[in-house]
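Visitor: I'm new to this one, and I'd like a close look at a single part rather than a full tour. Could you pick one charged side chain and follow its contacts outward from there?

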Amino acid sequence: GRPMAAGRLDDVLTGAALARGPRFAGRVLHAGVASADVALFGDPGLGVPALAILSGPGGESVHVLGRVTCLGRQGDSVRLRWPARVPLDPEVHGLLGVEARLWTGSGESLVPRGLLLGDAKLPTGPGPHVITVHLPDPVGDAGGLTVRLPEGELR
């Protein structure tokens, strides 16, 4: 992990999400008293609940991806392992996959639903799959990260 100059004295908790504007930026691995270790989105092993907004000829639809795990960064992309416990149906979405925008999903109290992960082409059929998520253009203050606090707010 990387060090962060905030810890439990600042209400930072282990597992809390980090955000940069509307984007998911990482998670707190361990919160000490006055500092914390964090992993950034793309660091191998970092996991997060995710969902996808699928784009297709019939419009948009939502597909819950479940927990995805980072396999590493490649330039402006992140490779993710997607178990595809609920796979996309090739008869509905085609054999070539479907374009999607990925967001954080629900299920973990310190990771708010709706932080942007990026764009990907999701494969159809049973998994697991390795997908490449293209990160969005930088938004907001490039140096400023916010932390999900127990009260549910990011600061």
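Guide: Let's start with Asp43, which counts as buried because its relative accessible area is 16%, and the cut-off for buried is under 20%. Keep in mind as we go that this is a predicted model. So who does Asp43 meet through its side chain? Its partner is Arg2, and the two form a salt bridge with N and O 2.4 Å apart. Look at where the partners sit: Asp43 is in the loop between β4 and β5, while Arg2 belongs to strand β1, and 41 residues separate them, so to speak, along the chain. Arg2 is in a more open setting by the labels used here: its relative accessibility is 38%, so Arg2 counts as partly exposed.

That's one salt bridge, and the count for the structure comes to 4. Next, find Arg27. The side chains of Arg27 and Glu108 meet in another salt bridge, at 2.6 Å from N to O. This pair also links distant parts of the chain, with Arg27 in strand β3 and Glu108 in the loop between β8 (98–104) and β9, 81 residues apart. Are these two buried or partly exposed? Arg27 is buried, with a relative accessible area of 10%. Glu108 has 23% relative accessibility, so this residue counts as partly exposed.

Arg27 has another contact that deserves a look. Its side chain reaches the backbone oxygen of Gly15, at 2.9 Å.

Swing round now to Arg101 and Asp119, which form a salt bridge with their closest N and O atoms 2.7 Å apart. Arg101 lies in strand β8 and Asp119 in strand β9, so this pair ties together parts that are 18 residues apart in sequence. Arg101, at 37% relative accessibility, counts as partly exposed, and so does Asp119, at 27%. Back with Arg27, there is a further detail: salt bridges that share partners join Arg27, Glu108 and Arg67 into one network.

Now return to the loop where we began, the one between β4 and β5 that holds Asp43. Which aromatic rings pair up in this model? A search of the whole structure finds 1 aromatic pair. Phe24 and Phe41 make it, in an edge-to-face arrangement with 5.6 Å between the ring centres and 80° between the planes. Phe24 is in strand β3 and Phe41 in the loop between β4 (36–40) and β5, 17 residues apart, so the pair links distant parts of the chain. Phe24 counts as buried because its relative accessibility is 3%, and Phe41 is buried as well, with a relative accessible area of 4%.

Those two rings lead us to the largest pocket, whose volume is about 170 Å³. Phe24 and Phe41 are part of its lining, along with residues including Arg20, Arg23, Arg73, Leu40 and Pro136. β3 (23–31) and β9 (116–122) each supply at least two residues of that lining, and β3 gives the most, with 3. By type, the lining divides into 9 nonpolar, no polar and 3 charged residues.

A few backbone details round out the picture. In the loop between β9 and β10 (129–134) you'll find Pro128, and the peptide bond from Gly127 to Pro128 is cis, with omega near 10°. Asp11, in the loop between β1 (2–4) and β2 (17–20), has a positive phi near 70° although it isn't a glycine. With 36% relative accessibility, Asp11 counts as partly exposed. Ala84 likewise has a positive phi, about 50°, and sits in the loop between β7 (77–82) and α1 (90–93). Ala84, however, is buried, with a relative accessible area of 6%.

One last stop is Gly56, in strand β5 (residues 47–56). Gly56 and Val98 are 42 residues apart in sequence, yet their C-alpha atoms are 7.1 Å apart in space. Gly56 is partly exposed, with a relative accessible area of 38%.

Technical notes:
Residues are numbered from 1 along each chain as its sequence is written. Side-chain values use heavy atoms; hydrogens and water are left out. On a 1 Å grid over the protein atoms alone, a cavity is a set of points where a 1.4 Å probe fits but cannot get out, and a pocket is an open set with protein on both sides within 12 Å along at least five of seven lines; lining residues have an atom within 4 Å of a point. Grid points are joined across faces, edges and corners, and a volume is the space filled by probe spheres set on the points. Helices (H or I, at least four residues) and strands (E, at least two) are DSSP runs, numbered from the N terminus. Ala, Val, Leu, Ile, Met, Phe, Trp, Tyr, Cys and Pro count as nonpolar, Asp, Glu, Lys and Arg as charged, and the others, Gly among them, as polar. Buried means under 20% relative accessible area, exposed over 50%, partly exposed in between (1.4 Å probe, protein chains only). Rings of Phe, Tyr and Trp (its six-membered ring) pair if their centres lie within 6.5 Å; planes under 30 degrees apart count as stacked, over 60 as edge-to-face and the rest as tilted. A polar contact is a pair of N or O atoms within 3.5 Å; within protein, one must be able to donate a hydrogen and the other to accept it, and residues adjacent in sequence count only if both atoms are side-chain atoms.
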